[in-house]
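I opened my notebook to look around a structure that was new to me. Come along and read over my shoulder.

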Amino acid sequence: MDISTIFSTMQAEISLAIILIVILLADLILKQPNHKALQGLACGLLVVQIALNIIPVSGEAFGGMYQTSPMASIMKTVLALGTLLVFMQADSWINREDTRHKAGEFYVLTLSTLLGMYYMISAGSFLLFYVGLELASIPIACLVAFDKYRRQSAEAGTKFILNAMFSSALMLYGLSLIYGTCGTMYFNDLPELLTGTPLQIMAMVLFFAGLGFKLSLVPFHMWTPDTYQGAPTSVTAYLSVISKGAAAFALMSILVKVFASMTDNWSMLLSVVIVVTITIANIFAILQHDLKRFMAYSSISQAGYIMLAVLGADAQGMTSLVYYVIVYIVANLAVFGVITTIEQHNGGRVDREAYNGLYKTNPRLSFIMTLALFSLGGIPPFAGFFSKFFVFAAAFHAGHLLVVFLALVNTIISLYYYLLIVKAMYITPNDNPLPTFRSSNMTRASLVICLAGVILLGVISNVYQLLFDNALF
């Protein structure tokens, strides 16, 4: 394979690596900490990267170790767009006195994790997949502990890295069992060699456990509330959507491509995990008053819904998964954009009581928060309703009727706890509501994009059709 073919096949990874180097050099060259210049540079380069890679590509490199498909290319573009929105919403936080001199580190670490997720998505071998997983996980631990002089942030970083090490060890042990029983780690060769022996089933379970940590699936979710609460809010937003989207896509690709002969085993395992994850997350979400912990349990529940698409194990399932991730990114980042803005203007408060009477003084933020929560809850006609419908349809089409029914019942519970925040903003009285304020231009632009996505993605059917036309594993 000549170098030009490699460049065209791996253009997403190569362009992102170039952006990383440019931002790193810019941070070194600037004599004084200039967070505004770095933010403009990072956002501008990401826009260029998205534009360059917006056309899906397919192919493989390095003897099949790296493989990409049109759907993988679309997923990378979606993750890059979500990262761009996170960068825009980080404007107020990165402008703080104690963080503005570390703006370059924030962008470099975040883009490093994104590069690792790219490798996870396009891995054609468990070896490259594991390298991508570690490249995505280790910088995230640094980001979680970014506010190192704040006790909660350092504690959250410690919990995250310890849990990441444990889950990584489980996965690595599972991969060693696969290599020991099959003699290869290439995805193209493994389906014929996996026969469903007890050792291979154990290997599959250990692999699933490793990615279950990334997705915060029960019982691998215990790190999530503490980490989300302690991390900077912009990092929490990134962790809740971008990391989950990449892990969900990679999990489905590998289960379908590699473990196809063991579908009965992993579909049963996944069905139980989905029901338990959604149910436990919904129950604990009701009890939360801290909105970051609340959104942690919400993200655990949403991960369970995403896994319904994995049960589909076909083109319809892959399409519904990517569509769900797109909708989840815009809705969840809209919520975190509002949380970040309120936190910066209300003395760092993120409890639900801080939102009492918010509609009287900040009606626009209340409106955006309401529509985003409606979308997360699956209320029509917003995009979240259609994304849930498609994942339910994928699982139903695959014959998992009981799982779909239980997930539908849990949707009613999720509506209740999302409406608690709406009630606080519009109904609960507050003698001292948060004064009217104006957020930064970058934050407002990101919220407008998220709001447009929440409203329009549900009514523009061409989006789902485009994804379905490219739904190849």
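**Entry 1: a covered helix**

I began with α11, whose buried residues are Trp223, Thr224, Pro225, Thr227, Tyr228 and Gly230. The model I am reading is a predicted one. Helix α11 runs over residues 223–230 and is mostly covered, with 6 of its 8 residues buried.

**Entry 2: the loop before it**

Next I stepped back to the loop between α10 and α11, where I found serine 216. Its phi is near 60°, a positive value in a residue other than glycine. I noted this down because most residues other than glycine have a negative phi, and most peptide bonds are trans. Is serine 216 buried or exposed? I looked it up: serine 216 is buried, at 0% relative accessible area.

The loop between α10 and α11 also holds proline 219. Here I met a cis peptide bond, joining valine 218 and proline 219, with omega about 10°.

**Entry 3: two further backbone notes**

I found a cis peptide bond between proline 380 and proline 381 as well, with omega about 5°. Proline 381 sits in the loop between α17 and α18, the latter being residues 383–397.

Phenylalanine 62 went into the notebook for its positive phi of about 55°, although it is not a glycine. I placed phenylalanine 62 in the loop between β1 (59–61) and β2. Phenylalanine 62 is exposed, because its relative accessible area of 52% is over the 50% mark.

**Entry 4: one threonine in α17**

I then picked threonine 370, which belongs to helix α17 (residues 363–377). With a relative accessible area of 7%, threonine 370 is buried. Which residues does threonine 370 contact, leaving aside its neighbours within four places in sequence? My list reads Val422, Met425 and Tyr426.

**Entry 5: rings**

How many aromatic pairs does the structure hold? I wrote down 23. I took one of them for a closer look, phenylalanine 126 with phenylalanine 207: their ring centres are 5.6 Å apart and their planes stand at 70°, so the pair is edge-to-face. This pair links distant parts of the chain, 81 residues apart, with phenylalanine 126 in helix α7 (residues 126–144) and phenylalanine 207 in helix α10 (residues 198–215). Both phenylalanine 126 and phenylalanine 207 are buried. They also belong to one aromatic cluster, formed by Phe126, Phe129, Phe187, Phe207 and Phe259.

Rings can have charges over them too, and I jotted down two cases. Lysine 76 lies over the face of tyrosine 118, at 5.8 Å from the ring centre. Lysine 388 lies over the face of tyrosine 305, at 4.7 Å from the ring centre.

**Entry 6: cysteines**

I wanted to know about disulfides, and my count came to 0. Why is cysteine 43 not in one? Its sulfur is 13 Å from the closest cysteine sulfur, that of cysteine 450, which is too far for a bond. A disulfide would need the two sulfur atoms within 2.5 Å. Cysteine 43 is buried, with a relative accessible area of 6%, whereas cysteine 142 counts as partly exposed at 38%.

**Entry 7: the largest pocket**

Now for empty space. I noted about 480 Å³ in the largest pocket. Its lining comes to 22 residues, and Ile74, Thr77, Val78, Leu81 and Ile326 lie nearest its centre. Two or more residues of that lining come from each of α3 (35–52), α4 (70–89), α15 (315–345), α20 (441–456) and α21 (462–469). Which element gives the most to this lining? I found α4, with 7 residues.

**Entry 8: the cavities**

My search of the whole structure turned up 4 cavities of 30 Å³ or more. The largest cavity has a volume of about 70 Å³. I listed its lining as Thr9, Gln11, Ala12, Asn53, Val57, Tyr66, Thr68, Ser73, Lys76 and Thr77. At least two of these residues come from each of α2 (11–29), β2 (66–68) and α4. Helix α4 supplies the largest share of the lining, 3 residues.

Before closing the notebook, I underlined Thr77: it is among the residues nearest the centre of the largest pocket, and Thr77 also lines the largest cavity. I underlined Lys76 as well, which lines that cavity and lies over the face of tyrosine 118.

Terms used: Residues are numbered from 1 along each chain as its sequence is written. This is a predicted model: local features need pLDDT of at least 70, side-chain atom pairs count only at pLDDT 80 or more; totals for chains, interfaces and linings use all residues. Side-chain values use heavy atoms; hydrogens and water are left out. Helices (H or I, at least four residues) and strands (E, at least two) are DSSP runs, numbered from the N terminus. Buried means under 20% relative accessible area, exposed over 50%, partly exposed in between (1.4 Å probe, protein chains only). Contact means heavy atoms within 4.5 Å. Rings of Phe, Tyr and Trp (its six-membered ring) pair if their centres lie within 6.5 Å; planes under 30 degrees apart count as stacked, over 60 as edge-to-face and the rest as tilted. A charge sits over a ring if NZ of Lys or CZ of Arg is within 6 Å of the ring centre and within 35 degrees of the ring normal. On a 1 Å grid over the protein atoms alone, a cavity is a set of points where a 1.4 Å probe fits but cannot get out, and a pocket is an open set with protein on both sides within 12 Å along at least five of seven lines; lining residues have an atom within 4 Å of a point. Grid points are joined across faces, edges and corners, and a volume is the space filled by probe spheres set on the points.
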